[in-house]
Structures are given as C-alpha cells and as structure tokens.
Amino acid sequence: MESKQLGKTGISVSAIGLGGMPMSISNRPPESQSIAVIHHALDLGITFIDTADSYCQDELDKHHNERLIHKALNSYKGDVSRMIVATKGGLMRPNGSWTRNGSPEHLRQTIRASFEALGGNKPIDIWQYHAPDSNYTIEKSLAPAKEAVADGLIRFVGVSNFSVEQIKRSRDVVDIVSVQNQYSPWQRQPETDGVLKYCEQEELTFLPWSPFGGSRRHSDLQDIPVIAQLAKEKGVSVYNIVLAWLRSKSPCILPIPGASKTSSIEDSVRAIDVKLSEQEVEKINQAT
Ligand SMILES: NC(=O)c1ccc[n+]([C@@H]2O[C@H](COP(=O)([O-])OP(=O)(O)OC[C@H]3O[C@@H](n4cnc5c(N)ncnc54)[C@H](OP(=O)(O)O)[C@@H]3O)[C@@H](O)[C@H]2O)c1
C-alpha cells in the first residue's frame, strides 16, 4: 500500500485509511462482522483508522467504536505496531442525536475514557477536537488536549470541522497534525474556504470526512453521469473514481472511507491504482 506522511511527524501511514463510524452507529453490523472488516483492512495494508468517542448509538453506548477497534487490533494475528488510531472528543449522543460539548471538564473526562477504551497502555495516537462549541473559546476547549499531551495520554492532536482562523488559533495552544472536514462531490467547501490550501502549505494532513456523502447518500454516486461513465471506462467502481478525484486535489489528502462490509473497504483501497488525467478531474469538478 502506498504511504503518506502524517503531518510533519515523520510517521508514514497508508494513503487510504478506514472510517469506523458505520460499524458503531444505528444499523451497525454484528460485532464479528466489524472485526472482520477491520482485520481485512489491516490485511490490505491499511495503517490508519479514524474513530470517535461518539461513534455509538447513544450516551450509554459511548466509546463503542474505540472499544471495537481495540478488540480487533488485539485479536489480529499480524503486526499492529505501525497502526495509527485517530479518535475524537467533543460530541455527545443524547438519545442518539448529535450535540457539541467543548467544556474543558467534559473533554478531560472523555480523553481519559478514550485512552482506556483504546487499551490504556499507550498514548492515544491522535486525538481530534470533533467540532468547535461556541459556548467555549477554542483556547479553553483545547487546553485539556495540551495537558493530556504533557501527561502522556495523547501523542498528537488534530481538529475537525474547523475554519482556517480556528485552526490558526488552535495551533497557538497546541501542535496540530491533522484537520478533518467534510469533503465529497456534494460538499466542496474545503476548496473555497482556504482550509485545503492552508493544510497543504503548513503540511497538515487533511482527512476528508464522508467522501461518498455518508451511509445514506453513497449509492447516489451512481447517478452522477460523469463519475459513472469514468468508472465504466476504467473498469472500476464509482467509489474508486471519487477517491482518486479527492486524492488528486492535494498531496495532503488522506481519505478515510467508512465501511461496515469487507467488500467495501476491499474495493476502496483499489483507488490507490486509479489515476485521473487533468481533463478527467476537471470534468468531475464541472459536474459536481
Ligand atoms: N469529523 C466528523 O465530523 C465526521 C463526520 C462524519 C464522518 N466522519 C468520519 O469519516 C468517515 C467516513 O465517512 P462516512 O463513514 O460517514 O461516510 P462515507 O465514507 O462517505 O460512506 C460510507 C458508506 O459508503 C459505503 N461504501 C464505502 N466504500 C464503499 C465501496 N468501495 N463500495 C460500496 N460501498 C462503499 C459503506 O457501505 P457499507 O457500510 O455497506 O460497507 C458506508 O456505509 C467516518 O467513518 C468517520 O470516521 C467524521
């Protein structure tokens, strides 16, 4: 598997990662299926998994996805020493809804709980502040992450759903290695709001979330004629075309396609070998 540098850390990770969300929210598969998906991703050479404390069904189920990933890595027969697990904190799941909580007390507590859920025997590889909460300043909400780095609970810090201004403010508090914002054929804001350009300039890894529009919308990709036509011409899936298109946008991009089936992640990694010409990229730009 092709690899990529994680920010300026000097650490190499697979150029395509695995998004853990579909394995833990509503309509999630049986645990044995999810473990098989994670094991298969590792077999395929994936060394980067994205998760969050809030990938679960509700508050009582908090940290489900982190515990699942820990269980899968623990039971994997091969080498897991190079695996990077990027988790997040700052969202709550009351009755299955999504709300923000950037209170420093909550973030201190959830960082500790994520550390435990991921095994409790080494620092969290990457902890990302999930989304800014306007009830607290960026400085206040990121202070617990800075403390946790100093205490050996977190190795690297990232941010998610941040503007350029917010990223700059967060970097004044703590070193940031990655930014995770929504980016798909239907959501191209990172191209215009300056975040992608900033990440490239500053050598931050950009993790596009919901690259296929998420679990509800992904099958609509077939209905974008340019994408369907290119997939047909190249004999690959529409998912491969979308990942190749995203990867063409900047060397700092590391897609994290979600999967709850082994066939999905197996197909997604094939995108590594799909190359699009400038004209093909432009055709997709025009059509989306
Ligand atoms: N930071 C944030 O605020 C935020 C928000 C949302 C997501 N995320 C992260 O981003 C990751 C990716 O986003 P996502 O999971 O919401 O959506 P996504 O990656 O856009 O789409 C995932 C869905 O697409 C299907 N799929 C994926 N690859 C496929 C393939 N090659 N062939 C056929 N079907 C395929 C999967 O189906 P199956 O389930 O049937 O395998 C899955 O349900 C998440 O898992 C999560 O880690 C972050």
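User: Which polar side chain lies 2.6 Å from an oxygen atom of the ligand, taking aspartate 50 as the residue to examine, and what part of aspartate 50 is involved?

Analyst: This is a predicted model, in which local features need pLDDT of at least 70 and side-chain atom pairs count only at pLDDT 80 or more, while totals for chains, interfaces and linings use all residues. Residues are numbered from 1 along each chain as its sequence is written, and side-chain values use heavy atoms, with hydrogens and water left out. A polar contact is a pair of N or O atoms within 3.5 Å; within protein, one must be able to donate a hydrogen and the other to accept it, and residues adjacent in sequence count only if both atoms are side-chain atoms. The part of aspartate 50 that lies 2.6 Å from an oxygen atom of the ligand is a polar side-chain atom.

User: How much of the ligand's area does the protein bury?

Analyst: Accessible areas come from the Shrake-Rupley method with a 1.4 Å probe, and for residues only the protein chains shown count as cover. Taken alone, the ligand exposes 900 Å², and the share of this that the protein buries is 91%.

User: How many residues surround the ligand?

Analyst: A residue is near a molecule or strand if one of its heavy atoms lies within 4 Å of it. The closest are Asp50, Phe212, Ser260, Lys261 and Ser264, and the number of residues surrounding the ligand is 29.

User: Is threonine 205 buried or exposed?

Analyst: Buried means under 20% relative accessible area, exposed over 50%, and partly exposed in between, with a 1.4 Å probe and protein chains only. Because its relative accessibility is 3%, threonine 205 counts as buried.

User: Which backbone nitrogen does the side chain of threonine 205 reach at 2.7 Å?

Analyst: Threonine 205 lies in strand 11 (residues 205-209), where helices (H or I, at least four residues) and strands (E, at least two) are DSSP runs, numbered from the N terminus. A polar atom of the threonine 205 side chain lies 3.5 Å from the backbone oxygen of glutamine 5. The backbone nitrogen reached at 2.7 Å is that of glycine 7.

User: Which helix gives the most to the largest nonpolar core?

Analyst: A nonpolar core is a set of buried Ala, Val, Leu, Ile, Met, Phe, Trp, Tyr and Cys residues joined through side-chain atoms within 4.5 Å. The largest one has 71 residues, of which Leu18, Ile38, Trp127, Leu142 and Phe206 touch the most other members. With seven residues, the element that gives the most to this core is helix 9 (residues 238-249).
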